[in-house]
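Reader: I would like to learn how to read a structure feature by feature. Can you take me through this one?

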Amino acid sequence: MAFFALILYTCFMKIFMRVSVPICAKALCLLCVVFSLFLSSCTKKLTPEQIELQRKQAIEQAKDKAVSDYVSALPREVKISQLFLVNIEGNERYHAVEKTGVLFGKPESGSPLVSGGVLLFSYNISNDPLETHEYISSIRDFYIKNQNIPPYISVDQEGGYVNRLRSLTSVLWAEKKVADTFSLDGAAQLYSAQARQMKNLGFHLNLAPVIEVENDENKDFLDTRSFGNLEKVLSYGKNCVLAYEENQIATVLKHFPGNSSTDPHSGLPEISVTKKEFEEYYLAPFKNLLPHASAVLMSHARLTITDDESYTESEIPACLSPYWVTQVLRNQLNFTGLIFSDDIFMGALSKNGYPPEKAVVSAIEAGINVIMLSEKKFGSVAKILLETATEKPEFAKKIDAAVEQVIRYKIKAGILDIKEAESAENDEIPQFTVEIHTDYPDFDLYTFHQDYKAGTDIFYE
């Protein structure tokens with residue numbers, strides 16, 4: 001084709017040199033037409049599969065824009081509140097303990113201040129599954145009544161002595177005991193039954209499992225909370241994560257990048273390893289299991305890589321470190337889910353130069369999406385975030401990015417819906433909006449008992 005076009009071009013150029021201008025203009029027009037036809041014939045047509053892929057990509061971009069627009073339109077106090085996971089009072093009927101006025105120096109004014117996620121402890125859990133479901137329902141009802149985005153409901157349900165639902169759900173042994181006792185298939189059934197019971201009660205997210213490899217430096221702190229060696233962590237950890245995720249309970253992998261035997265509630269864990277040791281025993285579990293999980297929780301540990309001169313983050317706790325949160329988790333491991341801080345009121349931070357008012361800003365700067373607190377009040381630290389965002393536009397962008405992550409999770413969890421705003425005609429890309437999911441499932445006592453029995457029967461197989 002190119003050869004024939006070249007011949008045509010040569011002929012027309014000869015004509016151009018010999019004829020009058022009017023004729024020459026006609027010839028040039030004809031030449032343009034020929035070359036246009038030539039270029040059109042050379043353009044590779046997209047296959048139906050490629051067209052469909054482009055359309056799917058455009059739809060995902062439209063959904064991303066809908067989330068971004070939704071976050072941008074949120075009132076400041078609602079936006080900031082989405083960044084917190086806090087404990088709450090009661091076990092019968094929910095009520096807020098702060099007002100939004102605390103964010104503006106007027107604690108007694110405003111509407112109820114409520115967090116983006118709530119964390120239930122044992123004292124929030126009734127011995128009656130229906131009562132627990134009704135209490136969780138009351139949380140959602142309160143949020144909607146006060147024009148807030150419903151929260152995700154979370155709990156620490158690792159098993160063993162970290163078992164907030166022991167009075168309600170079937171027996172859940174500690175991770176180490178599970179790995180030492182059950183087959184991989186048996187462990188998957190155990191965790192699946194637990195997940196189904198949690199889902200029926202109204203939970204969305206489990207702050208588990210611990211996927212740290214047990215070693216001489218952390219075994220006193222982890223105790224029975226680890227599955228054990230690397231092989232067991234990878235195999236049992238994966239089955240645990242998949243069992244929960246496939247039954248619509250989000251998992252939160254703990255604690256990245258690791259811990260020592262120092263309890264972070266009272267002191268700052270220090271880890272000192274070679275680069276090879278870090279990659280093989282600290283990084284490997286997260287690298288393998290993060291693709292299957294919805295979230296990860298950062299540790300407060302300070303980590304030193306002894307034989308890597310380029311590493312300079314030894315003085316910064318991992319949950320406040322841009323290196324660990326953004327460079328490693330987001331960029332190197334390509335993790336796209338939620339990133340939680342550990343409790344910023346822990347002694348590990350407050351006793352080592354990072355009081356909550358400082359830690360909360362550092363966490364967002366590092367790339368944390370959710371600030372976890374064991375306290376019931378978060379207004380004082382939320383106020384600091386709001387003031388910092390007002391003063392620093394770049395910090396405000398980081399807050400928006402974190403809130404977008406939370407909203408995406410709430411869509412995934414079915415708390416929010418993303419819907420087509422307009423019907424697209426032919427090949428047009430539809431527009432989307434984010435809305436509160438209207439349906440809320442009733443508690444199914446029969447199914448709960450069946451799942452409880454399934455979780456118990458595994459011990460006799």
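Reader: Where is P209 found, and what kind of peptide bond joins A208 and P209?

Author: This is a predicted model, so take every value as computed from predicted coordinates. P209 sits in the loop between strand 6 (205-206) and helix 8 (219-222). The bond joining A208 and P209 is cis, with omega at about 5 degrees.

Reader: Which residue does a cis peptide bond join to H255?

Author: K254 is the partner, and omega there is about -15 degrees. H255 belongs to strand 7 (residues 250-256).

Reader: Next, phi. Which way does the sign go at D223, positive or negative?

Author: Positive, near 55 degrees, and D223 is not a glycine. D223 lies in the loop between helix 8 and helix 9 (230-245). D223 counts as partly exposed because its relative accessible area is 38%, and the partly exposed class runs between 20% and 50%.

Reader: What is phi at Q248, and where does Q248 lie?

Author: Phi is about 65 degrees, again in a residue that is not a glycine. Q248 is in the loop between helix 9 and strand 7. With a relative accessible area of 57%, Q248 is exposed.

Reader: What phi does G367 take just after helix 13?

Author: A positive one, about 115 degrees.

Reader: Stay with helix 13. Which of its residues are buried?

Author: Helix 13 covers residues 356-366, and its buried residues are P356, A359, V360, V361, A363, I364 and A366.

Reader: What covers those buried residues of helix 13?

Author: The cover includes several helices: helix 11 (322-332), helix 12 (347-350), helix 14 (379-391) and helix 15 (393-412). It also includes strand 1 and strand 12 (371-372).

Reader: Now empty space. How many cavities of 30 Å³ or more does a search of the whole structure find?

Author: The general idea is to roll a probe the size of a water molecule over the atoms, which shows where empty space is left. Here the search finds two cavities of that volume or more. The largest has a volume of about 100 Å³.

Reader: Which residues lie nearest the centre of the largest cavity?

Author: V86, I88, Y94, V97 and K376, out of 16 lining residues. By class, that lining has 10 nonpolar, three polar and three charged residues.

Reader: Pick V97. Where is V97 found?

Author: V97 is in the loop between strand 1 (84-87) and strand 2 (117-120). It lines the largest cavity. Its relative accessibility is 30%, so V97 counts as partly exposed.

Reader: What is V97 in contact with, leaving aside its neighbours within four places in sequence?

Author: E89, K376 and K377. The C-alpha atoms of V97 and F378 are separated by 9.8 Å, while the two residues are 281 apart along the chain.

Reader: How much space lies in the second largest cavity, and which residues line it?

Author: About 50 Å³ of space lies there. The lining is E212, V213, N215, N218, P257, G258, N259, Y281, Y282, P285 and F286. Six of these residues are nonpolar, four polar and one charged.

Reader: On to cysteines. How many disulfides does the structure hold?

Author: A disulfide is a covalent bond between the sulfur atoms of two cysteines. This structure holds zero.

Reader: Are C240 and C319 buried or exposed?

Author: C240 counts as buried because its relative accessibility is 2%. C319 is at 0%, so C319 counts as buried too.

Reader: Now the whole chain. How many helices and strands are there?

Author: The secondary structure comes to 16 helices and 14 strands. Of the 461 residues, 50% are buried. Take the contacts between residues at least 6 apart in sequence: 75% of them join residues at least 24 apart.

Reader: What pLDDT does the chain average?

Author: The average is 89, and 89% of the residues score at least 70. Residues 1-9 fall below 50, and this stretch has eight contacts in the model beyond near neighbours in sequence. Residues 37-41 are also below 50, with four such contacts. Where pLDDT is low, the predicted coordinates should not be read in detail.

Conventions:
Residues numbered from 1 in each chain as written. Predicted model: local features only at pLDDT ≥ 70, side-chain atom pairs only at ≥ 80, totals over all residues. Heavy atoms only, no water. Helix = DSSP H or I, 4+ residues; strand = E, 2+ residues; numbered from the N terminus. Buried < 20%, exposed > 50% of the residue type's maximum accessible area, 1.4 Å probe, protein only. Contact = heavy atoms within 4.5 Å. 1 Å grid on protein atoms, 1.4 Å probe; cavity = no way out; pocket = protein on both sides within 12 Å on 5 of 7 lines; lining within 4 Å. Points joined across faces, edges and corners; volume = space filled by probe spheres on them. Nonpolar A, V, L, I, M, F, W, Y, C, P; charged D, E, K, R; others polar. Disulfide = S-S within 2.5 Å. pLDDT = per-residue confidence, 0-100.
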